[in-house]
Amino acid sequence: MAGDKPYQLAVLGAEPSGFAAAAVAALGGLRTVLIPAGWEHAAPAYAARPGAPADVWRRLALHRSGARETPVSACVSLRAEGRASFTYKSEAETRDALAERSEADAAALAEFEIVLERARAHAQSLAGALLKRNGAAHAADPYADEASARALRHLTQPYRAVLADYFADPEVRAHVASRSLNADAISPYAYGSFGAFADALDPEKWPVRDGSGANVAAALRECAVDAGVDIGEFAVTSIEEEKVGFAVSCGDGGTLRARKLLAASQRSARAAGVAAAGALRRGRAADATEVFVKLGLSQQLQPPSLEAENDTLFTIADSLGEIQRAFDQARDGAWPDKPPVVFELSDDRREIFARAPVAPGRFFVDGEARGWSEQDRQAFATRIVRRLSERLDGVDRTLRRTEVFVVEGPLDENGAPREALRSDNVMVAGGAGGDIGEAVRLVDVLLKEAGGR
């Protein structure tokens with residue numbers, strides 16, 4: 001891939017949003033390369049993810065590949081003593097499920113949805129203003145004018161206060177809050193904010209898994225290859241900004257140059273060590289990250305609820321206070337006492353894919369910051385297994401293997417996390433597993449800019 005002629009765009013992240021963005025860019029005439037960010041192998045093929053919008057399916061003719069997406073059947077919070085709370089894509093089904101806990105809270109759901117819609121409108125308005133004024137989303141100071149500042153203040157207020165205004169039952173509040181843990185691990189807004197929460201509860205962003213047809217990521221990769229995208233096989237090792245563009249070093253020892261960078265998700269941005277300029281007050285800070293843990297079992301695990309299917313997303317987070325304490329402890333560089341856990345089962349129910357969305361981004365020894373050691377990884381995985389064993393009978397007895405991966409950015413020569421490279425020429429798509437729609441919209445902005453020159 002390396003050569004004298006620079007690419008016009010380098011997409012960071014070998015994930016569905018990255019392949020989609022790269023394909024659209026190449027079809028639009030941009031010389032494009034896609035490079036893995038380094039975390040992608042940690043999520044198994046069956047893992048839930050954001051879906052592809054209908055317009056992307058049409059633009060890239062994904063239906064011809066036989067690829068299919070199916071919504072996950074439910075998002076379930078597992079409680080002590082076998083209790084559970086359910087959320088569905090259908091508001092009516094969710095209301096019926098909430099009614100089993102509290103009729104008053106079920107009745108409040110419709111009004112609460114209006115508030116969420118208002119927050120989503122704020123988000124769209126703010127994003128549109130930034131795009132119009134600056135030519136690239138997330139590349140400007142969001143406080144530049146009063147209208148944007150007002151919208152951002154609304155979006156970044158803690159959702160805990162909003163939930164308390166609508167829902168009385170503490171288990172209902174904790175369950176509804178857990179949806180943010182399910183769907184928006186690394187938010188484009190402040191983590192734990194109302195903007196992140198509203199984005200997670202957007203019906204259009206209900207998580208999906210691959211259907212019985214072809215794998216969607218594979219279909220998008222094929223689209224990118226057919227469009228002429230160069231696809232790297234080795235992950236990013238370092239990125240340096242130059243007078244014009246960036247020098248990107250990869251794991252094979254090669255270096256390529258690109259005028260602009262697009263991180264396909266917040267995860268890929270973190271792993272590659274980049275951020276959009278003007279994003280200092282948004283997104284996840286360096287003091288918090290997430291951890292993936294895959295557990296292999298010696299025998300099939302029964303679903304933890306008779307009403308739950310294999311494609312259900314489960315959450316273990318007993319209260320808003322527990323979630324908040326986990327945030328606070330992670331920011332202090334300490335392991336959460338009771339880390340919230342999101343998990344799902346493989347189709348054969350012999351593997352658990354668990355994610356701890358709240359974990360320290362760095363630790364401190366004698367006042368000096370350091371990254372994760374192998375001992376840290378294994379010790380944290382032990383905590384996750386302990387939390388799972390509280391809800392799933394037999395996990396600890398049938399556990400055969402444990403794989404741990406921390407979404408960690410580049411480290412310096414002393415093993416401490418480096419500050420992200422921030423630039424006006426870096427764009428970052430939002431969402432936990434990447435937002436295909438936003439990544440494609442960012443490419444459309446680039447194409448418009450290129451066409452106007």
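In what order do the strands of the open sheet lie, and is the pairing mixed? The order is β5-β4-β13-β14-β15-β12-β18, and the pairing of these 7 strands is mixed. The model is a predicted one, in which local features need pLDDT of at least 70 and side-chain atom pairs count only at pLDDT 80 or more, while totals for chains, interfaces and linings use all residues. Residues are numbered from 1 along each chain as its sequence is written, and side-chain values use heavy atoms, with hydrogens and water left out.

**View 1. The chain as a whole.** The chain holds 14 helices and 20 strands (DSSP runs numbered from the N terminus: H or I of at least four residues for helices, E of at least two for strands). Of its 453 residues, 56% count as buried (under 20% relative accessible area; exposed is over 50% and partly exposed lies in between, with a 1.4 Å probe and protein chains only). Where contacts (heavy atoms within 4.5 Å) link residues at least 6 apart in sequence, 74% join residues at least 24 apart. The accessible surface is about 19000 Å², and carbon and sulfur atoms contribute 47% of that area (Shrake-Rupley method, 1.4 Å probe).

**View 2. The open sheet and its edges.** The 7 strands form an open sheet, strands being paired if DSSP finds at least two bridges between them. At the edges stand β5 (84–87) and β18 (399–406), each of which pairs on one side only. From one strand to the next, the twist averages 20°.

**View 3. The β12–β15 pair and helix α12.** Strands β12 (residues 288–297) and β15 (residues 351–360) are antiparallel and share 8 bridges. Within this pair, V293 is placed opposite A354 of β15. Helix α12 (residues 374–391) packs on the sheet, where it touches β4 (75–78), β12, β13 (313–316), β14 (341–345), β15 and β18. The direction of α12 makes about 120° with that of β15 (axes are lines fitted to C-alpha atoms, for helices over the stretch in contact, and angles between N-to-C directions run from 0 to 180 degrees).

**View 4. The loop residue A80.** A80 belongs to the loop between β4 and β5. A80 has a relative accessible area of 35% and is therefore partly exposed. Although A80 and D318 are 238 residues apart in sequence, their C-alpha atoms are 8.1 Å apart in space.

**View 5. R173 in helix α7.** R173 is located in helix α7 (residues 170–183). R173 is buried yet has no salt bridge (a side-chain nitrogen of Lys or Arg within 4 Å of a carboxyl oxygen of Asp or Glu). The nearest side chain of opposite charge, that of D105, is 6.6 Å away. Not counting residues up to four places away in sequence, R173 touches L163, A164, F167, A168 and L320.

Key:
Lys, Arg positive; Asp, Glu negative; His and termini not counted.
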